[in-house]
Amino acid sequence: MAGMSAPDEIVPDGKDWTVVLQEGCAECGFAPDDPAVAATGTGDWLRTTIPRWEAVLARPSVELRDRPDRWSDLEYSCHARDVCRVFLSRLELMLTSDDARFDDWDQDAAAVAGRYAEQDPAIVAREYDEAARALADRFDTVQGDDWQRPGLRSNGARFAVETFALYLHHDIEHHLVDVAG
Ligand SMILES: [Zn+2]
């Protein structure tokens with residue numbers, strides 16, 4: 001039928017996830033005012049996600065989709081790796097430019113263009129390790145007023161480095177819930 005996706009297609013995620021920064025997330029239990037998600041701890045927390053994704057990627061079933069319209073563990077892992085890469089370039093921009101602007105990243109297009117389903121899980125584990133460590137190291141350099149440096153996303157969402165860190169924290173943890181990691 002015209003206008004409907006085929007059942008074997010991923011339905012694009014059109015939700016504005018910035019709402020979790022005010023309201024938290026009922027799906028994964030994220031609470032923005034939880035001291036455990038403090039922005040200043042972003043580097044240390046992000047490093048703890050490396051063995052968790054590594055364990056997900058070691059599963060024999062990593063390439064299987066439970067449902068045709070839902071990513072496999074491998075596809076979620078590739079997404080998490082690319083989140084770290086995209087966030088590093090945006091964090092760099094926010095820390096070095098007074099007028100940081102970036103486009104709304106199309107994660108579903110990235111999954112297709114990046115051939116997530118065809119990646120080697122062992123290589124993705126290494127790439128996640130590298131991407132997460134690089135981003136964690138950069139967050140470790142953020143101090144004082146830098147946490148309030150702004151970034152503007154093309155759809156109108158306004159971030160500071162601090163809320164950007166919390167957004168990252170939710171995104172990665174939410175996907176670990178998605179894969180029961
Ligand atoms: Zn969530």
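Entry 1, helix pair. I began with α3 (residues 73-96) and α5 (residues 121-140), whose axes come within 9 Å and cross at roughly 25°. Angles under 35 degrees count as roughly parallel, so I logged α3 as roughly parallel to α5. I noted the hand of the crossing too: α3 passes α5 in a left-handed one. For the contact of α3 with α5, I sorted the residues into 16 nonpolar, 2 polar and 5 charged. The model I am reading is a predicted one.

Entry 2, nonpolar core. Next I looked up the largest nonpolar core and found that it has 51 residues. I listed the residues with the most contacts inside this core: Leu46, Trp53, Tyr128, Phe139, Leu168 and Ile172. I then checked which elements feed the core. At least two residues each come from α1 (20-23), α2, α3, β1 (100-102), α4 (107-113), α5 and α6 (161-178). Of these contributions, I recorded that α3 gives the most, with 10 residues. I add one general remark, that nonpolar side chains tend to be buried together in soluble globular proteins.

Entry 3, salt bridges. My count of salt bridges came to 16. I wrote up three of the pairs below.

Entry 4, Asp82 and Arg85. How far apart are N and O in the salt bridge of Asp82 and Arg85? I read 3.5 Å between them. Both residues sit in helix α3, and because they are 3 residues apart there, about one helical turn separates them. I looked up the accessibility of each side of the pair. Asp82 counts as buried, at 12% relative accessibility, while Arg85 is partly exposed, with a relative accessible area of 40%.

Entry 5, Asp44 and Arg47. I found a salt bridge between Asp44 and Arg47, with the closest N and O atoms 3.2 Å apart. The two residues are 3 apart in helix α2 (residues 42-57), so I put about one helical turn between them. Is Asp44 buried or exposed? I have Asp44 as exposed, since its relative accessible area is 55% and the exposed class begins over 50%. Arg47 is partly exposed, with a relative accessible area of 23%.

Entry 6, Arg65 and Glu75. The side chains of Arg65 and Glu75 also meet in a salt bridge, at 2.8 Å from N to O. I traced where this pair lies: Arg65 is in the loop between α2 and α3, Glu75 is in helix α3, and the two are 10 residues apart, linking distant parts of the chain. For Arg65 I noted a relative accessible area of 33%, which means partly exposed. Glu75 I entered as buried, because its relative accessibility is 5%.

Entry 7, a loop residue. I looked for Asp104 and located this residue in the loop between β1 and α4. Asp104 is partly exposed, and I noted a relative accessible area of 42%. How far apart in space are Asp104 and Gly156? I got 9.3 Å from C-alpha to C-alpha, with their positions 52 residues apart in sequence numbering.

Entry 8, recap. I return to helix α3 for a last check. Helix α3 packs with its axis within 9 Å of that of α5, gives the most residues to the largest nonpolar core, and holds both Asp82 and Arg85 as well as Glu75.

Technical notes:
Residues numbered from 1 in each chain as written. Predicted model: local features only at pLDDT ≥ 70, side-chain atom pairs only at ≥ 80, totals over all residues. Heavy atoms only, no water. Axes fitted to C-alpha atoms, helices over the stretch in contact; angles between N-to-C directions. Helix = DSSP H or I, 4+ residues; strand = E, 2+ residues; numbered from the N terminus. Parallel < 35°, antiparallel > 145°, perpendicular 65-115°, else oblique. Left-handed = near helix turned anticlockwise from the far one by under 90°. Nonpolar A, V, L, I, M, F, W, Y, C, P; charged D, E, K, R; others polar. Buried < 20%, exposed > 50% of the residue type's maximum accessible area, 1.4 Å probe, protein only. Core = buried A, V, L, I, M, F, W, Y, C linked by side-chain atoms within 4.5 Å.
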